[in-house]
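The questions below concern a predicted model. Each one is followed by a short piece of reasoning that closes on what was asked.

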Amino acid sequence: MRRFFHQIPEPGWEEYLTTWHIYQHLKKLDVPFTFTIGKDLLNSDSRLGLPSEQVLLAAHRRLEQTEADAGFIEKIAGGHTGLMVTLESGRPGPNSLFRFDIDGLPVREADSESHIPVKAGFQSTHSGYMHACGHDGHITTGLALAEFIALNQDSLNGRIQLLFQPAEEGCRGAKAVADRGWMKDVDYFVSGHIGISQYPVGTVSARTCDMLATSKLDIRFSGRSSHAANNPQEGRNALLAAASCALGLHGISRHSDGSSRVNVGTLNAGSGRNIIADKAEMMVELRGENDEINAFMLDQAKKVTEGSALMHGVEHELLLVGHALAASCDEPLAGRIENVLKSSPLVTDVVQQLPLKASEDASVLMDAVQKSGGQATYLMFCSPTCGGHHNPEFDFDESVLSITMDVMARSLLALNGS
């Protein structure tokens, strides 16, 4: 199953095939699941970093070429991907939600024979995209948990929800789910990640720390083109504004209360060597050890952008296209899951907590659950990785899947088992 999904990676809001195949698998199970799909799952206006209509249309047409029925395609049209299933046991118990992210990355997968997906014949079939972060393993874990529910539903209490969330990469999808109100009555929220820490397979932590707050920005400058030799004074150079902005962003003062990050990932500008550039676009990310530091970074970034535009006489636009919070795990729930880890014969080493040192938009869902009185935790399933995350050579040790499945099943029994 993991190898199947590895072959059809789709980036955020384009997971049409992925959502369809998840749906198909769940529909075949003998479980009275209630399905929540499309606009019923997502607040459309809260989706961040939507691709162009042309890109979404291409994903739409890709699904139309399969056996997917028109009714399903219509539900996820316009980039309303992902789904959630709910089991109402009819017996008293908590509402537990398990979340699994499903999107791939715009990374061209390595084609060397030493790369295991190539050697074993399951490399990406979508040129320029791959599952370079382990989300194919997360999908697989979620579907395996659904199969476990099918086999044990008579022994489960309360309400159980499995969320297959779109657009985690870039921290774009969780807000749309949270803003639809799905976290308000969740008692227990459980999610996790494969890899990250290079400890041996079998090492698991029920707590994740150092989850950085982040803001993802698209910055655009609009100036005026002119001949670079004949009348340069008539031009308004958007390229220089963007260059000034890039330097200014990396020059933002560090904060004394904790660590922060800034990165200008791309800068595209201009149309020719003898033309004053009238357009420039940048992709930027900011991070902070906590929400306050990230807010400081964002405020400074806005000032740098505005100042760069003013200095070069151009217009500017700053768009927030991704956002995550500095979440923390709830000790009561993490403690219960830690006991689960100790009970699993497949877990060889239980670590008190492991650092993420990056951002995860599960934090937005965790925050929404916690603000409504529920508890949340985020697990780390260690596996040495080839090439590192978001790298063309990325791959993880598939034996970790037995552990993710076992731990999630045991966690479900600990929370909702009779």
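A residue counts here as buried under 20% relative accessible area, as exposed over 50%, and as partly exposed in between.

Q: Is Ile-196 buried, partly exposed or exposed?
A: In this predicted model, Ile-196 sits in the loop that links β5 (188–194) to β6 (203–205), and its phi is positive, at about 65°, although the residue is not a glycine. Most residues other than glycine have a negative phi. The relative accessible area of Ile-196 is 24%, and the residue is therefore partly exposed.

Q: Which class, buried or exposed, does Lys-357 fall into?
A: Lys-357 belongs to strand β13, and its phi, near 55°, is a positive value in a residue other than glycine. Since the limit for the upper class is over 50%, the relative accessibility of 63% means that Lys-357 counts as exposed.

Q: Is His-80 buried or exposed?
A: His-80 is placed in the loop between α4 (70–76) and β2 (83–88). When neighbours within four places in sequence are left aside, its contacts are Gly-38, Lys-39, Leu-42, Ser-44, Arg-47 and Lys-75. The limit for the lowest class is under 20%, and with a relative accessible area of 4%, His-80 is buried.

Q: How far apart in space are His-80 and Thr-305, C-alpha to C-alpha?
A: Along the sequence, 225 residues separate His-80 from Thr-305. In space, taken from C-alpha to C-alpha, the distance between His-80 and Thr-305 is 32 Å.

Q: Which strands are the edge strands of the open sheet of four strands?
A: The open sheet has the strand order β9-β10-β8-β11, with antiparallel pairing. An edge strand pairs on one side only, and this applies to β9 and β11.

Q: What is the bridge partner of Asn-268 in β10?
A: Strands β9 and β10 run antiparallel and are joined by nine bridges. For Asn-268, the bridge partner in β10 is Glu-281.

Q: What angle does the direction of helix α9 make with that of β8?
A: Helix α9, residues 291–312, packs on the sheet and touches β8, β9, β10 and β11. Between the direction of α9 and that of β8, the angle is about 5°.

Q: Which strand gives the largest share of the lining of the largest pocket?
A: The largest pocket has a volume of about 1400 Å³, and its lining of 43 residues includes Leu-105, Pro-106, Glu-169, Gly-170 and Met-283, which lie nearest its centre. By class, that lining comprises 19 nonpolar, 13 polar and 11 charged residues. At least two lining residues come from each of β8 (213–222), β9 (260–269), β10 (279–288) and β13 (354–358). The largest share, six residues, comes from β10.

Q: Which element gives the most to the lining of the second largest pocket?
A: The second largest pocket holds about 150 Å³ of space, and among the residues that line it are Lys-175, Leu-320, His-323 and Asp-367. Its lining divides into five nonpolar, one polar and three charged residues. Each of α7 (174–178), β11 (315–324) and α11 (362–371) supplies at least two of them, and the greatest contribution, three residues, is that of α11.

Q: How many of the 10 residues of α11 are buried?
A: The buried residues of α11 are Ala-362, Ser-363, Val-364, Leu-365, Met-366, Ala-368 and Val-369. The helix α11 is largely enclosed by the rest of the structure, because the number of its 10 residues that are buried is seven.

Q: Which strand gives the most to the lining of the largest cavity?
A: The structure holds one cavity of 30 Å³ or more, and about 70 Å³ of space lies in the largest cavity. Its lining, in which four residues are nonpolar, six polar and one charged, includes Arg-99, His-138, His-193 and Thr-404. At least two lining residues are supplied by each of β3 (95–101), α6 (135–152), β5 and α12 (400–416). With four residues, the element that gives the most is β5.

How values were computed. Residues numbered from 1 in each chain as written. Predicted model: local features only at pLDDT ≥ 70, side-chain atom pairs only at ≥ 80, totals over all residues. Heavy atoms only, no water. 1 Å grid on protein atoms, 1.4 Å probe; cavity = no way out; pocket = protein on both sides within 12 Å on 5 of 7 lines; lining within 4 Å. Points joined across faces, edges and corners; volume = space filled by probe spheres on them. Nonpolar A, V, L, I, M, F, W, Y, C, P; charged D, E, K, R; others polar. Pairing = 2+ DSSP bridges. Contact = heavy atoms within 4.5 Å. Axes fitted to C-alpha atoms, helices over the stretch in contact; angles between N-to-C directions. Buried < 20%, exposed > 50% of the residue type's maximum accessible area, 1.4 Å probe, protein only.
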